[in-house]
Amino acid sequence: MKISIIGEIHPSGWEILKKSKFEVFEIKNFEVNNLKKELNDVDGILLRTSKLEEDVLSKCKKLKIIARHGVGYDNVDFDYLNKNKIALSITGTSNAVTVAEYVLTSFLSLARKINFADKLVKEGKFKEKKTLPDFFELFEKKVLICGFGRIGKAVAKRCLGFESKVYVYDPFVEDEEIQKTNCIPIEKNEGLKIADYITLHVPLNKNTKNFISTNEFNIIKKTAIVVNASRGGIINEEALINALESNQIQAAALDVFEQEPPPGDHPIYKFNNVLLSPHNSALSLECRKRMSIEAASSIVNYLTDKEKLNLNNIVNKNNLGI
Ligand code: NAD
């Protein structure tokens, strides 16, 4: 059987696929016409971030599984996969901790204003520390987590370690489940009103697009720090820029953007109270290794021995009847 890897993965994933005697090849040219040509006879695809829409997928006549290297799958035509009984797997156990560490890094760096302190010392102004702006703690602060899935839960655990008060907005999770983890369920607007730290961990869909926009910034506290490591578009960037320009929030961190890469003249670049990263919050070396192993194992198990599959990772298992 033939497996294509679209994008680069850690060698551990390659080893698993090769051990199973699959013919494995990597695609480096992500243009639609090339994808159509190279994917026409593959049985499985291990997919990083390239888009796979119906125009490409309809050419993959032998395709049985797409294994996403990650947990979001808004880059794949999910309806097409369901209609054609093609499995979609994610790496559900690999990256929650890694993204959660990014969120804590952002909260602490922005609250501590660590970039100002670093600059001051490197400029030889050690003695001028009184000129630094006030900085703050996570201790006893109110953290609002929107989306209490794998990543939201991992963030909660870490914030509780800092003795923060953790509030959760997730209409799809029972209050009891939230309370069991020592967090407090709250409605979205109530949470936004009281939070000192806000972090977003919802999937991107038509209900969550612009989840935080002008109306929300109007009720968020001026001292709040807002972090988005979910998907671009969940925070409306124009509204965020306006909020930063009018000091409606204290600071923000973005790992994801409405357009990736963002344009070279994006107005977000000018703020020194904003931390940006290139959609790599889950890409620690440890996590890249875990994701490559988890995605490759899903392909191998799906194609050779479904008994061994981690069914929690198969997004459309009900539709496939497994
Ligand atoms: P998950 O599916 O485990 O959790 C998502 C949670 O969001 C669920 O509990 C769901 O009930 C909740 N939710 C859905 N719609 C909601 C809404 N309208 N309001 C409030 N809650 C809502 O997903 P996860 O593994 O925690 O990942 C969350 C998102 O983070 C993913 O969908 C992905 O897009 C993104 N992500 C980004 C990176 C990165 O590199 N920046 C890495 C991993 C995941």
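**Figure 1. The protein chain and its division into domains.** Into which domains is the protein chain divided? The protein chain is divided into domain 1 (2-94 + 285-320) and domain 2 (96-276), with bounds that come from an automatic or database domain assignment. This is a predicted model, in which local features need pLDDT of at least 70 and side-chain atom pairs count only at pLDDT 80 or more, while totals for chains, interfaces and linings use all residues. Residues are numbered from 1 along each chain as its sequence is written. The secondary structure comes to 13 helices and 12 strands, where helices (H or I, at least four residues) and strands (E, at least two) are DSSP runs numbered from the N terminus. The centres of domain 1 and domain 2, taken over C-alpha atoms, are separated by 32 Å. In contact with each other are 5 residues of domain 1 and 5 residues of domain 2, contact being defined by C-beta atoms, placed from the backbone, that lie within 7 Å.

**Figure 2. The open sheet of 5 strands.** The strand order in this sheet is 2-1-3-4-5, with parallel pairing; two strands pair if DSSP finds at least two bridges between them. Strand 2 (23-27) and strand 5 (87-89) are the edge strands, each of which pairs on one side only. Strand 4 (residues 65-68) is joined to strand 5 in the parallel sense over 3 bridges, and A67 has S89 of strand 5 as its bridge partner. Helix 12 (residues 285-304) lies across strand 1 (2-6), strand 3 (44-47), strand 4 and strand 5, and runs at about 160° to strand 4; axes are lines fitted to C-alpha atoms, for helices over the stretch in contact, and angles run from 0 to 180 degrees between N-to-C directions. In the loop between helix 4 (78-83) and strand 5 is K85, which has a positive phi of about 55° although it is not a glycine.

**Figure 3. The open sheet of 7 strands.** Here the strands follow the order 8-7-6-9-10-11-12, again with parallel pairing. Strand 8 (184-185) and strand 12 (274-276) stand at the edges with a single partner strand each, so one side of each is left without a neighbour in the sheet. Strand 10 (residues 225-228) and strand 11 (residues 251-254) pair in the parallel sense over 4 bridges, and V226 stands opposite A252 in strand 11. Helix 5 (residues 96-112) lies across strand 9 (197-200), strand 10, strand 11 and strand 12, at about 150° to strand 10. The loop between strand 11 and strand 12 holds P261, and the peptide bond from E260 to P261 is cis, with omega near -5°.

**Figure 4. The shell around the ligand.** Of the 32 residues around the ligand, those that come nearest are G72, G147, G149, I151 and F172; a residue counts as near if its C-beta atom, placed from the backbone, lies within 6 Å. Helix 5 and helix 7 (150-161) are the elements that give two or more residues to this shell, and helix 7 gives the most, with 3 residues. The shell divides into 16 nonpolar, 12 polar and 4 charged residues, where Ala, Val, Leu, Ile, Met, Phe, Trp, Tyr, Cys and Pro count as nonpolar, Asp, Glu, Lys and Arg as charged, and the others, Gly among them, as polar. Both domain 1 and domain 2 give residues to the shell around the ligand, so the ligand lies between them.

Note on methods:
Two residues are in contact if their C-beta atoms, placed from the backbone, lie within 7 Å.
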